[in-house]
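Please open the structure in the viewer and keep the selection panel at hand. The tour proceeds from the whole chain to single residues.

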Amino acid sequence: MRNFKKKYLQDKYIFIFLGAAIIAVGTFGFRDHLYKLGQTEDTVDTFEDTMPAQCENGDWIEFPDMTGANQYEKFLGKEKLSYDEAHSTLTSEDGTKNFITDERYSLFFFVGRNVQIDGYKLKNGEIYAKKVKCIGAESDKNALYTRRKLMSYIKENINSLALEQAPHDVWQVENFYFVNDADLYVEYETEGSFMEEAPYDAHLWLIRVSEWSGDIPVIKTLAYIQEDPDDFDKNIVKQGEDIYKNTKNMTIYEFDDEMNQWVLQ
C-alpha cells in the first residue's frame, strides 16, 4: 500500500486467527489435516465475506459458542470498539473492556463501529463476543440509501466533477471514506496508475454534501490533496485545508465489480 494512502486511510487491519497446530503422523494423516484446515479457512473466509452485508442489514453476526459458556456471566451491551496497538487488543472506546471471540475469527471489522454485543464475561475480565450487531450509520437504511446514491453519482460523473483533468486516461473512483454523513474523502486515479502501468496520480478530494438539489448533490470542496511526486512520504494539499487528516476509523466503501456495488469495508 502506498504511503499516500497509509497517511489518510482508516487504520483498520483484518486478521484471521486460525490458532491450529499441525500435528500429523504419516502422509495420510498430514493430508487429512491439511484438507480439514483448508475447509476451516474456506468457512472463515466465507463468513467474513458476508459480514458487510449483515452489518448493513442490522443482522446479528454470530460467532461460535465457547466451551463451558454456561458457567460465565452473560454480557449484553452497546459499545464502540477500538484497537489498542500497544497491547494488540480490541477494547471498548474508553479502554475499560477487552473483547475476544473464537480464535479462528476476528472482530477487527467492527473497529470504530457502534455495535451491540451479546456474549459472556470471563473470569479474567475479558468479554467473549458470541453475537455482534451493527447499530451505527452503517445499518441506518436512510443513511445507506443516501450514501449509495451519492457514491453512484460521483463514480459516474467523476471526470466532469474532478478539479483537474486526468493526466493519462480518465479518472476512476477507487474508494470513499466517510467521516460522517456530510463530509467524506473521494479517492480517484487513472486506470494505468491503479495497475501501476503509469506514474502514480491518485488524488483525495475532501468534500461536504449537506444538501441535494433534486437528484444532484450540492458539493463543496474542503480540500484537494495529492502525493508529492518527489517524495512519497509527503503529500501536497493543493487547495483548502485537510481538516480530517488525523482522523481514524472512517467508514470505507470499495467498489466490487462482481457485485456491481459499493461494499462496506
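Begin with the surface of the whole protein chain: in this predicted model, the chain exposes about 14,800 Å². Carbon and sulfur atoms supply 46% of that exposed area. Of the chain's 265 residues, 41% count as buried.

Next, switch to a cartoon view. The protein chain contains 4 helices and 13 strands. Among contacts between residues at least 6 apart in sequence, 56% join residues at least 24 apart.

Now select Phe63, Phe110, Ile154, Phe176, Val186 and Tyr188. These residues belong to the largest nonpolar core, which has 44 residues, and they touch the most other members. Add helix H3 (residues 141-161), which gives the most to this core, with 6 residues. A second, separate core has 10 residues, including Tyr177, Leu204, Ala223 and Ile252.

Return to Tyr188 and display the residues around it. Which residues does Tyr188 touch, not counting those up to four places away in sequence? Among them are Ile158, Ala162, Leu163, Trp171, Trp205 and Tyr224. The list also includes Gln172, Glu174, Asp201 and His203.

Finally, select Cys55 and Cys134. How many disulfides does a search of the whole structure find? The search finds 1, and this disulfide joins Cys55 to Cys134, with an S to S distance of 2.1 Å. Cys55 lies in helix H2 (residues 26-57) and Cys134 in strand E6 (residues 127-134), so the pair ties together parts that are 79 residues apart in sequence. Rotate the view to look along the S-S bond: the link is left-handed, with -110 degrees about that bond. Are these two cysteines buried or exposed? Both Cys55 and Cys134 are buried.

Technical notes: Residues numbered from 1 in each chain as written. Predicted model: local features only at pLDDT ≥ 70, side-chain atom pairs only at ≥ 80, totals over all residues. Heavy atoms only, no water. Core = buried A, V, L, I, M, F, W, Y, C linked by side-chain atoms within 4.5 Å. Buried < 20%, exposed > 50% of the residue type's maximum accessible area, 1.4 Å probe, protein only. Helix = DSSP H or I, 4+ residues; strand = E, 2+ residues; numbered from the N terminus. Contact = heavy atoms within 4.5 Å. Areas by Shrake-Rupley, 256 points an atom, 1.4 Å probe, with all protein chains shown as cover. Disulfide = S-S within 2.5 Å.
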